[in-house]
Amino acid sequence: MIKPADSRKAVLETLVGTLFATLGWAMLLTATLELFRSGGDFERLIGYNLYRRFSVFLIDSAVIWVLLVLILALVGRLWVTFALGLSLTLTIGLVNHQKLELRREPVYPSDVDFLRSPTFLVEMVGVLPLVLAFLGLVALSALLVLAGRRTARVFRPIRRQATPRAWLALSVGRGLAVIACLAVVTQLAAFNADGNRVKGLYESAGVQWAWWSQKVNYERNGVVAGLLYNLDVPPMEMPEDYSRTTMQAIATKYGDKARRINARRDASALDGLNVVVVLSEAFSDPTVIKGATVKGDPIPFTRGLMRRTTSGNMLAQLVGGGTANMEYEALTGLSLADYQPQLNSPYQMLVPKQESFPSAVGYFKEHGHEALAIHPYFKEFYHRDQVYPILGFDRFTYDETMKHDEKLPNGTFASDAAAYAETLAEIQASDSPVFLNLVTMQNHYPFADQFDKDWPVEAPGDVRPELARYVTGLHASDQALEAFLADLSASPEKTAVVFYGDHLPAFWTEEIHELNGDQVMKTTPFFIWTNFPTRKVQTPPLMSPTHFLPTLFDQLNAPLPPFYVLLNELRSQIPARESGVAYDASGALIEAGDVTPEVEELIRDYRLVLYDLSVGERYSQDDLFYSLANQSTTAARE
């Protein structure tokens with residue numbers, strides 16, 4: 001700021017000084033974000049961000065500068081603006097660093113939803129780190145504001161009483177700055193729209209988007225560019241040949257196949273049958289991980305059961321995260337691999353925007369089942385309180401409405417035994433057969449302070465205490481599962497269980513990840529069990545959760561809806577897929593372009609159906625799956 005003077009010179013000097021101050025601060029904040037992302041790697045900051053990719057660094061800084069100017073124009077205090085900018089930057093940097101450590105994926109704009117769930121943040125990060133981070137932010141902001149006030153004693157701000165003409169000119173300038181900044185912010189918000197100028201500016205500077213991995217995307221292009229790239233985006237582009245005529249032809253094609261297959265199937269296979277889908281939080285097999293040793297077998301019951309039943313390995317999307325996405329794929333049969341890479345959470349970014357959504361929930365309701373969901377955690381987590389009614393669930397039981405919420409000794413979350421007890425109670429209380437989706441919480445990260453004993457393990461550094469307690473919980477899950485299936489076996493009601501782990505736990509280090517490879521670190525067990533005789537279905541070495549329910553129908557010899565015929569054909573050719581990665585029926589990685597024309601046609605059909613059901617007009621819905629019009633979309637009863 002300058003000494004007051006009722007002149008154009010005073011205003012000009014103020015604007016020029018503010019311009020350079022905010023530009024410098026924006027560059028400092030951009031560098032801070034990159035330092036947090038790289039774990040404090042100054043060499044990379046200088047050699048990569050400030051040398052090899054300096055033009056991109058400048059664009060990142062310009063984006064932050066626009067936001068700083070907008071804040072400044074609104075609040076009218078430079079040092080308050082600096083404090084707010086620093087607080088927001090440090091918050092994003094800390095969250096990004098923590099999320100990369102826990103889940104090996106960066107922070108996304110959609111993660112702002114977790115602010116609705118402060119309890120979750122406390123449980124994941126811990127009270128002390130959050131308190132220290134908050135106090136640090138407050139202290140830094142206070143120092144900046146204090147410095148600003150002291151500086152203002154020497155460089156006095158322009159005030160209305162002292163210099164009315166200069167103050168009026170500056171006020172007009174602030175108003176124009178707000179308008180200009182909002183125009184730029186509008187462009188930023190529409191970053192993924194066709195022809196967006198800001199995105200074009202990045203690409204003209206040499207940015208190449210790593211759509212297959214957002215972790216790589218942030219590393220390569222910077223945190224600011226990564227955040228912009230992951231702003232709201234259409235779930236997928238409309239296929240060129242999408243039309244009512246095209247979808248009717250596909251529905252007829254797979255409808256004819258379904259009629260031929262179903263002529264040899266049991267039309268009553270689903271009658272009176274309870275179907276329980278269990279997503280077991282972080283359930284994996286740690287004995288296969290190189291670089292660590294687990295003494296004995298913590299999951300002997302599950303391992304033995306998998307040898308006797310339809311079972312195999314599931315391809316997870318992430319390590320340490322992606323639970324809701326695996327649940328989405330299992331319930332809908334719709335693969336995230338075919339959506340835009342920025343659609344990182346359908347439960348947050350896609351489903352809540354619709355009144356109804358096709359899924360196995362609706363199919364089973366059409367066949368006389370009561371649709372129930374259980375998740376022993378708060379109902380807002382991943383918008384499940386909104387998503388479950390849209391998917392068609394009749395009732396959602398969560399932590400505050402559960403009758404069984406017991407924990408393991410020193411456990412943080414409701415035990416698997418409690419979740420299974422709740423499931424049994426729901427089955428017994430229903431007069432109709434149930435389709436029940438259970439998402440457990442017992443083995444959610446962190447582990448080091450959970451449970452009452454260590455399982456004997458050998459592992460490097462900080463991994464050992466996490467692994468020792470994780471395996472303790474895993475063994476308890478195996479025992480709870482054995483008791484649950486024993487209770488179902490003793491029941492006169494016919495029941496089928498689809499069980500799968502959603503991902504490996506978050507504590508494995510980058511070194512262990514590299515030692516084992518991406519495929520091993522994204523592989524979890526699954527099985528399909530019934531309490532009555534059914535045939536064992538041969539499964540491929542690796543399979544996505546989109547194929548669980550069609551595989552169940554094969555095991556039950558149940559008639560297939562045409563959509564499941566399409567999924568079964570896809571399973572025979574490309575049974576496991578995630579963004580940018582696909583595996584064939586032998587478990588081998590499929591190279592780009594290494595598919596036959598028949599498989600290309602199959603992929604085309606699936607992409608068209610996925611677009612039609614989840615984004616498009618649902619021309620094929622009634623013929624391929626079931627009629628949404630016959631089902632209520634009112635909120636699930638608690």
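The legends below describe close-up views of a predicted model.

Local features are given at pLDDT of at least 70 and side-chain atom pairs at pLDDT 80 or more, while totals for chains, interfaces and linings use all residues. Residues are numbered from 1 along each chain as its sequence is written, and side-chain values use heavy atoms, with hydrogens and water left out.

**View 1. The open sheet of 7 strands.**
The strand order is β3-β9-β8-β1-β6-β4-β5, and the pairing is mixed. The edge strands, β3 (310-315) and β5 (395-398), each pair on one side only. From one strand to the next the twist averages 15 degrees. Strands β4 (residues 370-375) and β6 (residues 434-439) pair in the parallel sense over 5 bridges, and Ala371 stands opposite Phe435 in β6. Helices (H or I, at least four residues) and strands (E, at least two) are DSSP runs numbered from the N terminus; two strands pair if DSSP finds at least two bridges between them.

**View 2. Helices α12 and α17 against the sheet strands.**
Helix α12 (residues 300-308) lies across β3 and β9 (523-530), at about 65 degrees to β9. Helix α17 (residues 416-429) lies across β1 (274-280), β4, β5, β6 and β8 (495-501), and runs at about 165 degrees to β6. Contact means heavy atoms within 4.5 Å. Axes are lines fitted to C-alpha atoms, for helices over the stretch in contact, and angles run from 0 to 180 degrees between N-to-C directions.

**View 3. Helix α13 (residues 323-332) and the residue after it.**
Helix α13 is largely enclosed by the rest of the structure, because 10 of its 10 residues are buried. Among them are Asn325, Glu327, Tyr328 and Glu329. Just after α13, Gly333 has a positive phi of about 75 degrees. Buried means under 20% relative accessible area, exposed over 50%, and partly exposed in between, with a 1.4 Å probe and protein chains only.

**View 4. Two stacked aromatic pairs.**
Rings of Phe, Tyr and Trp (its six-membered ring) pair if their centres lie within 6.5 Å; planes under 30 degrees apart count as stacked, over 60 as edge-to-face and the rest as tilted. The count by this rule is 40 aromatic pairs. Phe54 and Phe57 are stacked, at 6.2 Å centre to centre with 20 degrees between the planes. These two residues are 3 apart in helix α3 (residues 54-75), so about one helical turn separates them. Phe54 is partly exposed at 32% relative accessibility, whereas Phe57 is buried at 4%. The rings of Tyr363 and Phe625 are also stacked, with centres 5.8 Å apart and planes at 20 degrees. This pair links distant parts of the chain, 262 residues apart: Tyr363 is in helix α15 (residues 360-366) and Phe625 in the segment after α24 (621-624). Tyr363 is buried at 6%, and Phe625 is buried at 5%. Both belong to one aromatic cluster that also includes Phe364, Phe435, Phe553, Phe563, Tyr564 and Tyr626.

**View 5. Salt bridges around Arg395 and Lys365.**
A salt bridge is a side-chain nitrogen of Lys or Arg within 4 Å of a carboxyl oxygen of Asp or Glu, and the whole structure has 24 of them. Arg395 in strand β5 meets Glu370 in strand β4, at 3.2 Å from N to O. Arg395 also forms a salt bridge with Glu426, at 2.4 Å. Glu426 lies in helix α17, so this second pair ties together parts 31 residues apart in sequence. Both acids are buried, Glu370 at 17% and Glu426 at 10%. Asp394 forms a salt bridge with Lys365, with the closest N and O atoms 3.1 Å apart. Asp394 is buried at 19%, while Lys365 is partly exposed at 21%.

**View 6. Backbone exceptions in three loops.**
Most residues other than glycine have a negative phi, and most peptide bonds are trans. His383, in the loop between β4 and α16 (384-391), has a positive phi of about 60 degrees and is buried at 8% relative accessibility. Asn410, in the loop between β5 and α17, has a phi near 65 degrees and is partly exposed at 49%. The peptide bond from Tyr445 to Pro446 is cis, with omega near 0 degrees; Pro446 lies in the loop between β6 and β7 (457-458).
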